[in-house]
Amino acid sequence: MTRTRIATLRRSLAAVALLACMALAATSASADEYDARRAGHPLRVVGYILHPVGVALDWLIFRPAHWAGSQPAFAFLFGHDVDEEPQR
């Protein structure tokens, strides 16, 4: 075998070993317990519908707008101030 084929074989074996380790380390996920009093509330149903819309607006509009407003050329114009301790 040539050196390149041996190197390719080693990389392939390393990738398979890594995938096997990741598959064996995975744990099963479980959902929260269903609470009929909370899940059936009309506002909760509206929240289920509107949450993806809010996430999409956050990623498509608000985060890019914050990035643009925080650039040095526009920071003074938009009044952007750097927080010492950002919210988590």
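**Exercise 1. Where is E33 found, relative to helix 1 and helix 2?**

Before we start: this is a predicted model, where local features need pLDDT of at least 70, side-chain atom pairs count only at pLDDT 80 or more, and totals for chains, interfaces and linings use all residues. Residues are numbered from 1 along each chain as its sequence is written, and side-chain values use heavy atoms, with hydrogens and water left out.

Step 1. E33 sits in the loop between helix 1 (3–25) and helix 2. Helices here are DSSP runs (H or I, at least four residues), numbered from the N terminus.

Step 2. Now its surroundings: E33 is exposed, at 78% relative accessibility. The cut-offs are under 20% relative accessible area for buried, over 50% for exposed, and partly exposed in between (1.4 Å probe, protein chains only).

Step 3. Try a distance too: the C-alpha atoms of E33 and R11 are 43 Å apart, with their positions 22 residues apart along the chain.

**Exercise 2. Work out whether helix 1 and helix 3 have the spans you'd expect.**

Step 1. The expected span is 1.5 Å times one less than the number of residues.

Step 2. For the 23 residues of helix 1 that gives 33 Å, and the end C-alpha atoms are 33 Å apart, which agrees.

Step 3. The 28 residues of helix 3 should span 40 Å, and its end C-alpha atoms are 37 Å apart, which agrees.

Step 4. Look along helix 3 and you'll find a kink of about 40 degrees centred on D58. The bend is the angle between axes fitted to the seven residues ending at a residue and the seven starting there.

Step 5. Back in helix 1, the count of buried residues is zero. R5 is found in this helix and is exposed, at 57% relative accessible area.

**Exercise 3. Track down the aromatic pairing.**

Step 1. A search of the whole structure turns up one aromatic pair. F74 and F78 form it, tilted, at 6.2 Å centre to centre with 50 degrees between the planes.

Step 2. Check the rules: rings of Phe, Tyr and Trp (its six-membered ring) pair if their centres lie within 6.5 Å; planes under 30 degrees apart are stacked, over 60 edge-to-face, and the rest tilted.

Step 3. Both residues lie in helix 4 (residues 72–78), four residues apart, about one turn of the helix.

Step 4. F74 is partly exposed, with a relative accessible area of 41%, whereas F78 is exposed at 57%.

Notes:
Helices (H or I, at least four residues) and strands (E, at least two) are DSSP runs, numbered from the N terminus.
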